[in-house]
Structures are given as structure tokens and as C-alpha cells.
Amino acid sequence: MSKVKYYYDSETLSYKKIERRKRKTLKYVSLFILASALFAFLFVFLASQFVQSPKERALARELQHMELQYQLLNKKMDEAQSVLANVEERDNSIYRLYFEANPIPEEQRKAGFGGVNRYKDLEGFDNSKIIVETNKRMDILQKQIVVQSKSLDEIAILAADKEKFLASIPAIQPISNEDMTRIASGYGYRTDPFTKVKKFHYGMDFTAPRGTPVYATGDGTVVRADNASSGYGNHIRIDHGYGYVSLYGHLYKYNVRVNQKVKRGDLIGFVGSTGRSQGPHIHYEIFKDDERINPMNFYYGHLSAEEYSILLERASLENQSLD
Ligand SMILES: [Zn+2]
């Protein structure tokens, strides 16, 4: 039983029972609970600002780890970037230059992606910056690789074509001429062996005994092997493509037929003195786009600088041609 309390009423001069009303008690209790709850909430809230829960600590560690990984990824991209820069440099200044293709401008190689913001989904987070930057770099790197790869494809085609071109053009002498003594007359004004008048000699004459082998000077197709062209006697013409044709005159015998494909160095015929000829020799001409040009400029295939200068000296003598 609870204690009953009294108080002295001075007006009525009597003791009266103190009666606490139940409603008031309920009000006090509610207030107390509310205040406690508020305190508890404040305490937890404040504490959470300074103290991390184990779960938060784990998440923070994970985030830190991820940031570190992003930094490492960027470092790896730096390395990839520098290797690619080196390849691009060689591509522009060696390969593309060698194959006469225009260098790819820097802006084209490093072009980003304009227009739509491709990184919108990645924005709005604490770590957005590093993620967006990394993605941007990766995208540009990827594009650079595509540009470089296309450039190399182009060069591979040019190289294959260049190889064919180099094999095709007439680049050696038509007969074996190791000691450079077989040159009789060069391209230019020479005395005609028959009329003794100065006349333009459109080819080079190489003296050699009858039956000496004559070789194709570049890859191509035999387009003529006959004596129907005035003055040349038995002669062969090889079409090398790219506008080049070589002609071998005054042959004794043929070793090829029309339409036959030949490679540089193939035996195509033998030295003779057929047609308008003063003695056994081969008259050799090169046509470029139907114009006869000086064969002297084409013997880079197998001559040393010294041999070339001997040949040039002999070919430049304004002597009498053998025609
Ligand atoms: Zn000649």
C-alpha cells in the first residue's frame, strides 16, 4: 500500500489528504519518456558522427581499396599511353613516310567523343571524378588503338603493293656485266653506225658474244617476241605494269613466248645481231608511259656506287652506237 500524505490547511485548520490526480501522473511519465528518447536519439546521433560502426569501417576500407585500384589502373594506362605514343610516332615519321602516306594528325589520333555526355550515369557521387576521368582516358586510349590499327592495315596494303612495285620495275642490266666492260653506248645523241650522222639513241647497247643470255630486268608479262618492229630485229618487250615496258633488241634467239609471265632475272633470250645492227650486242630500252627514258637511272638493283659510276662514265661517252 502506498503512503498517504497529508497537508495542514490553515484556512480550515485541519489536515487534508494530498491527492495526486492520475492524469497529472500520466503526463509526467510521458514527458519523462519523451525526454529520455530525445536524449537517446541525440546521443546516438552525435556518437555516430564520430564513431564508425564495424559495417561502416568495412565499407570505408573497401572504398579506399577501390580508389587505390583506380590509381593503379591510371598508372597502367600511363604506361600503355607511352607505348602507344611511341608506336604512333614511328607510324607517322617512318612507316607512313616511307610508304608516302600522309601522317595522321595528332588531333585525329587523340580525338575524344563530342556531343552527348557519355558519362552522365557516373556523375553525382563522391568518387565520380576519378571514375569519369578513368573512363574518359580508357575511351580515348581505345580510340587511339583503333586509329593506329587502321593505319597499320593501310600500311600493310601499301607495303605489299610497294613490294610488287619494286619487283616489277626494270632495275637490273639485261645481261651479266660483272666487270662493267660490256657497255658500248648509252642513251643520248650518238653517231649512227650506218649513216655516220648524229642521231638520238633511245637505249643502251651492251656488247656481248652471240648466244650470251639475256635476262628480264623486272617482273612482268611478255607482250611481244617477234621481228615485226623496224630495226630491232628479233626483239622482246615485257610489260611490267605501273606504266613500265622494257625492250630487248637484235636477239639471236628467244627463250619466252608472248603472254608468258616472267620474273626479274629469268632467261628470256640470247644476244645476236638481227635487224639494224653493227655486230652482236643487245639494244635495251625502257618505256615509261610510252616515252623512252634513260635506262641508266634504273640500275640500282644490283650495282655498287663504284660500279654505277663506271657504268655511267662509259654510257656517257658520245661514241658511235651499235644501234
Ligand atoms: Zn642501240
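## Salt bridge between helices α2 and α4

D78 is partly exposed, with 43% relative accessible area (buried is under 20%, exposed over 50% and partly exposed in between, with a 1.4 Å probe and protein chains only). The structure is a predicted model, in which local features require pLDDT of at least 70 and side-chain atom pairs pLDDT 80 or more, while totals for chains, interfaces and linings use all residues. Residues are numbered from 1 along each chain as its sequence is written, and side-chain values use heavy atoms, with hydrogens and water left out.

D78 pairs with R137 in a salt bridge whose closest N and O atoms are 2.7 Å apart (a side-chain nitrogen of Lys or Arg within 4 Å of a carboxyl oxygen of Asp or Glu). This contact links distant parts of the chain, since D78 belongs to helix α2 (residues 54-98) and R137 to helix α4 (residues 128-168), 59 residues apart (helices, H or I of at least four residues, and strands, E of at least two, are DSSP runs numbered from the N terminus). R137 is likewise partly exposed, at 24% relative accessible area.

## Further salt bridges

The count of salt bridges comes to 14. In one of them, the side chains of R96 and E154 meet with an N to O distance of 3.3 Å. R96 lies in helix α2 and E154 in helix α4, so this pair ties together parts that are 58 residues apart in sequence. R96 is buried, with a relative accessible area of 5%, whereas E154 is partly exposed at 38%.

K199 and D323 form another salt bridge, with the closest N and O atoms 3.7 Å apart. Here the linked parts are strand β5 (residues 198-201), which holds K199, and the segment after α5 (305-316), which holds D323; the two residues are 124 residues apart. K199 is partly exposed at 39% relative accessible area, while D323 counts as buried at 13%. D192, K199, R276 and D323 are joined into one network by salt bridges that share partners.

## Zinc site

The zinc ion has as protein donors H201 (NE2), D205 (OD), D205 (OD) and H283 (ND1), at 1.9 to 2.8 Å (donors are N, O and S atoms within 2.8 Å of the metal, or 3.2 Å for Na, K and Ca). Along the chain, the donors follow the spacing H-x3-D-x77-H. H201 and D205 are both buried.

The angles among the four donor atoms run from 52 to 154 degrees, and the site is irregular (a tetrahedral site with four donors would need all angles between 85 and 135 degrees; a square planar one, opposite donors over 155 degrees apart and all others between 65 and 115).

## Nonpolar surface patch

L38, F41, L42, F45, L46, F50 and V51 form a nonpolar surface patch with about 800 Å² of accessible area together (Shrake-Rupley method, 1.4 Å probe; members have over 30% relative accessible area and no salt bridge, nonpolar side chains being joined within 5 Å and like charges within 9 Å). L46 lies in helix α1 (residues 22-50) and counts as partly exposed at 47% relative accessibility.

## Backbone and confidence

Two residues other than glycine have positive phi values: K196, near 60 degrees, and H250, about 65 degrees. K196 is placed in the loop between β4 (188-191) and β5. H250 is placed in strand β10 (residues 244-254) and counts as buried at 1% relative accessibility.

The protein chain averages a pLDDT of 89, and 98% of the residues score at least 70 (the predictor's confidence in each residue, from 0 to 100). Among the elements, strand β11 (residues 261-262) has the highest mean pLDDT (98) and helix α3 (residues 106-109) the lowest (81).

Definitions and conventions: Four donors count as tetrahedral if all angles lie between 85 and 135 degrees; four count as square planar and six as octahedral if opposite donors are over 155 degrees apart and all others between 65 and 115; anything else is irregular.
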